[in-house]
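User: I am new to this structure and would like to be led through its main features. Could we take them one at a time, in questions and answers?

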Amino acid sequence: MKTPQHPVELAGVNLAGQNHVCAFFNTMDEEHRVLRSFYKGGFDRGEKATHIVDAENRELYLKRLAEAGINVQELMEAGRLELVPWTDMYVRDHRFDQDAMLASVEKLIQSGAAAGYTRTRLVGHHMDWLFLDKPAVNSLVEYEARLNHILSKYNDPVICNYDSSKFSASVAMDIMRTHPLVIIGGLLRENPFFVPPEQFLHEMRERRTTRMTAG
């Protein structure tokens, strides 16, 4: 349930209760430069953070956080910083499972509140192979649309980070259409392409019907 809390700033802008953001970056350096104040702001207020990352990049990712002035070891030992391999969150039986992922995100938010944290800041990175698998991409964007329903119940911000080089323009547009806020070129802005989840999911069902009919 939503309760009044301190405002959240991201890239110098107050999120004003809009807690679902897609962020497009070209490099990890750019990502950390734009997001470091968001990370630090949460820790300075005693909040929790969960970051979903590629296990192969874990040490480099922690190094970037440390370079931003974040006491990584202390926060991890205290349970306030949690790094989760993306294979633990996104994959069930070797496929992207949007139902399991939605349940996992809500569980992370609820467990943070149960542990006494006023807010959990979630940051997700998506697996590169998803964008090579059309059904997986479709499932991913449907998950992103449905996530808006979950997040509307809470004050916990979720940033979905994407590597701009990994997918086509059409996939990028679908990603954007499922997020009310977007970061491009290091700037946060309201997303003019965002559509309500019900409308987007209806379009996805129509696309499937068209493909089945054409096939």
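The turns below treat the sheet, the helices and the empty spaces of this predicted model.

User: In what order do the seven strands of the open sheet stand?
Analyst: The model is a predicted one, and its open sheet combines seven strands with mixed pairing. Neighbouring strands of this sheet are turned by 20° against each other on average, direction ignored. Read across the sheet, the order of the strands is 5-4-8-9-3-10-11.

User: Why is one side of strand 5 and of strand 11 left without a neighbour in the sheet?
Analyst: In the order 5-4-8-9-3-10-11, these two strands are found at the ends. Strand 5 covers residues 81-85 and strand 11 covers 187-190, and one side of each is left without a neighbour because each stands at an edge with a single partner strand.

User: Which residue of strand 10 is the bridge partner of Val-21, and which residue of strand 11 stands opposite that residue?
Analyst: Strand 3 and strand 10 run parallel and are joined by three bridges, and the partner of Val-21 in strand 10 is Leu-181. Strand 10, residues 181-184, is also joined to strand 11 by four bridges, and here the two strands run antiparallel. Within that second pairing, the residue opposite Leu-181 is Glu-190.

User: Which residue takes a positive phi in the hairpin of strand 10 and strand 11?
Analyst: Ile-183 stands opposite Leu-188 of strand 11, and the hairpin formed by strand 10 and strand 11 has two residues between the strands. The positive phi, near 65°, belongs to Gly-185.

User: At about what angle does helix 6 run to strand 9?
Analyst: Helix 1, residues 28-44, lies across strands 3, 4, 5, 8, 9 and 10, and runs at about 160° to strand 8. Helix 6, residues 134-151, lies across strand 3 and strand 9. The angle of helix 6 to strand 9 is about 165°.

User: Which element gives the largest share of the lining of the largest pocket?
Analyst: The largest pocket has a volume of about 370 Å³, and of its 19 lining residues the closest to the centre are Glu-31, Asn-57, His-125, Asp-128 and Asp-163. The lining divides into eight nonpolar, six polar and five charged residues. Helix 1 and strand 9 each supply at least two residues, and the largest share, three residues, comes from strand 9.

User: How many residues of the lining of the largest cavity are nonpolar, polar and charged?
Analyst: A search of the whole structure finds one cavity of 30 Å³ or more, and the largest cavity has a volume of about 80 Å³. Twelve residues line this cavity, and those nearest its centre are Ile-52, Met-101, Gly-124, Tyr-143 and Val-158. Helix 5 (98-114), strand 8 and strand 9 are the elements that give two or more residues to the lining. By type, the lining residues are ten nonpolar, two polar and no charged.

Technical notes: Residues numbered from 1 in each chain as written. Predicted model: local features only at pLDDT ≥ 70, side-chain atom pairs only at ≥ 80, totals over all residues. Heavy atoms only, no water. Pairing = 2+ DSSP bridges. Axes fitted to C-alpha atoms, helices over the stretch in contact; angles between N-to-C directions. Contact = heavy atoms within 4.5 Å. 1 Å grid on protein atoms, 1.4 Å probe; cavity = no way out; pocket = protein on both sides within 12 Å on 5 of 7 lines; lining within 4 Å. Points joined across faces, edges and corners; volume = space filled by probe spheres on them. Nonpolar A, V, L, I, M, F, W, Y, C, P; charged D, E, K, R; others polar.
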